[in-house]
Amino acid sequence: KYPKNPILYASQQWEMNGTSSGIMGPCIIEDHEGKWWLYYDAPVWPGPRLMGCATAENPWGPWERYHDNPILREPYGHN
């Protein structure tokens, strides 16, 4: 196990509005220039699905959140 887990903590208000705060469903992608992109959901129940994005120079971080998170706001009941 990586000793600095988790690599991203819930810290933005939209990530902590649900029944429990946190980051879930992460997906990490490396682009062709070597930059790492982390896409994640916050457990906001009940409510719309909200997705955020963060970037880093390596998969262990440090991760910098996108300034306009959440990047996806799906209506209630849609996935």
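The following is a short exchange about strand E3 and a surface patch in this predicted model.

User: What are the ground rules for this model?
Analyst: Residues are numbered from 1 along each chain as its sequence is written, and side-chain values use heavy atoms, without hydrogens and water. In this predicted model, local features need pLDDT of at least 70 and side-chain atom pairs count only at pLDDT 80 or more, while totals for chains, interfaces and linings use all residues.

User: Is strand E3 mostly covered or uncovered?
Analyst: E3, residues 49–56, is mostly covered, with 7 of its 8 residues buried. Strands are DSSP runs of at least two residues, numbered from the N terminus; buried means under 20% relative accessible area, exposed over 50%, and partly exposed in between (1.4 Å probe, protein chains only).

User: How many bridges join E2 to E3?
Analyst: Strand E2 (residues 36–41) runs antiparallel to E3, with 6 bridges; pairing requires at least two DSSP bridges between two strands. Trp-36 has Ala-56 in E3 as its bridge partner.

User: And which way does E5 pair with E3?
Analyst: Strand E5 (residues 72–74) pairs with E3 in the antiparallel sense over 3 bridges. The bridge partner of Met-51 in E5 is Leu-72.

User: What about E4 and E3?
Analyst: E3 and strand E4 (residues 64–65) are antiparallel and joined by 2 bridges. Thr-55 stands opposite Glu-64 in E4.

User: Changing topic, where is Ile-71 found?
Analyst: Ile-71 is in the loop between E4 and E5. Ile-71 is partly exposed, as its relative accessible area is 38%.

Note on methods:
Helix = DSSP H or I, 4+ residues; strand = E, 2+ residues; numbered from the N terminus.
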